[in-house]
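Reader: I would like a close look at a single part of this model, the surroundings of the bound ligand. Please take me through it in one connected account.

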Amino acid sequence: MRRSVPMLLAALAVMMAGCEKKTQPASTETDTSKQAAQGQGGTAPATPPAGTPTGEADTILLGVATSLTGGQATFGVSTRNGIEMALKEANEAGGVKGKKVAMRVYDNQGKPEEAAQAVTRLITQDKVVMVLGDVASSNSLAMAEKAQAAGVPMITPSSTNPSVTEKGEYIFRICFIDPFQGYVMAKFAREHLKVSKVAVLQDNKSAYSIGLTDVFTRKFTEMGGRITSTESYSQGDTDYRAQLTAIKKSQPEAIYVPGYYSEVGVIARQARELGLKVPLLGGDGWDSEKLYELGGSAIQGSYFSNHYSPANPEERIQKFVADYKAAYGGVPDALAALAYDAARVAIEALKKAPDTSGKALRDAIAQTKDFPGIAGVITLDENRNAVKPAVVLEVGDGTTKYVTTVNP
Ligand code: PHE
């Protein structure tokens, strides 16, 4: 396979939570042959940062594979930050079983093949006891396959496609699933916006987008609405005018675009340029600061379903928002909140489990019940999914406004 420059620059990041100095230059670890040449099975960077506890007996290592670069980069950065924050807090509070908890992070560039490889490396070389990640469901599906086969538990903080946890009994998620999320927007469109004609524009490269299109279409129709047209694009496309022109002809009152922010921002602009003035509706994949940048005023007044609202006045949520801002300098999005929650669920399981074997950790995670997450209370059901309410947010000027909460 040909390796691109951005891939060489960014395929790997190693971070130890709670350490002052975070990482060696990412580029030095991108070449697997170089890693093997270290003769250490890749358990440590060539020059470990001072105080790096990797591989030492006093450390429990968690593996993270997420999209730090590419079209879903903000997802990965927020995810890494959220996990890092939870590990730091746990370590400051004395760690787990007398040990520090650390993480090793690999960038999957938003690509399923890279995601699968990253998990294999985390498990076979780094010997992590658990895997956290990813955001985009297509990546998590590829990762889950590997984690399940190896008997290493994996918790996805934010992948909502139902198939992810169907990969097997070692795969968990702490967020709601898309059959619920699709229902939430269908209900919102019918009951809140009171529209009866909606067009759909889906990303045919994303398991998440295909799944949501399906559920939304079914639910909206059941509720007496009509889908005026269904169009699709492929992640990374930049010209959506043909699809939007077809959609315009079908005269919808809103357009459901269950994609990711990089494409949705551009779609919003092109829709307005073509004279399509109706609101766009979407799902959690819109959640990124970049959406406001890319979409500008074209995306304002549109709505999406999400996992939490940073405007929630509850004290512990405002404390999380303030702590996160202080550490990373921005309002935490849902990815940051869910990643923080997932890491805390992982730590709780590490504390409860008699040992750190895959089986013991799996059983401990499965027992997660009434766990007070930032993005809702987490109780895992028999299918290893969480059942939680969703919020609907309206896109404003560089921010979101809370509109309503929909309970399962
Ligand atoms: N739910 C999306 C997916 O499964 C990922 C996502 C979650 C994106 C939350 C943004 C916020 O692909």
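Reader: To begin with a specific point, which residue has an N or O atom in its side chain 2.7 Å from a nitrogen atom of the ligand?

Author: That residue is Thr-160, whose side chain places an N or O atom 2.7 Å from a nitrogen atom of the ligand, in what is a predicted model. The protein covers 100% of the 320 Å² of accessible area that the ligand has on its own. Two further polar pairs involve oxygen atoms of the ligand: a polar side-chain atom of Ser-137 lies 2.4 Å from an oxygen atom of the ligand, and for a polar side-chain atom of Tyr-260 the distance to a ligand oxygen atom is 2.5 Å. Ser-137, Thr-160 and Tyr-260 are, together with Ser-158 and Asp-284, the residues that come nearest among the 13 around the ligand. Sorted by class, that shell consists of 6 nonpolar, 6 polar and 1 charged residues. The shell also draws on two domains, with at least three residues from domain 1 (32-176 + 315-388) and at least three from domain 2 (178-306).

As for the space itself, the model has 2 cavities of 30 Å³ or more, and the ligand sits in the largest cavity. The volume of this largest cavity is about 110 Å³, and its lining is made up of 16 residues. Nearest the centre of the largest cavity lie Val-135, Ser-158, Asp-284, Gly-285 and Leu-335; of these, Ser-158 and Asp-284 are also named among the residues that come nearest the ligand.

Terms used: Residues numbered from 1 in each chain as written. Predicted model: local features only at pLDDT ≥ 70, side-chain atom pairs only at ≥ 80, totals over all residues. Heavy atoms only, no water. Near = heavy atom within 4 Å. Polar contact = N/O pair within 3.5 Å; in protein donor to acceptor, adjacent residues only side chain to side chain. Areas by Shrake-Rupley, 256 points an atom, 1.4 Å probe, with all protein chains shown as cover. 1 Å grid on protein atoms, 1.4 Å probe; cavity = no way out; pocket = protein on both sides within 12 Å on 5 of 7 lines; lining within 4 Å. Sits in = over half its atoms within 2 Å of the grid points. Nonpolar A, V, L, I, M, F, W, Y, C, P; charged D, E, K, R; others polar. Domains from an automatic or database assignment. Points joined across faces, edges and corners; volume = space filled by probe spheres on them.
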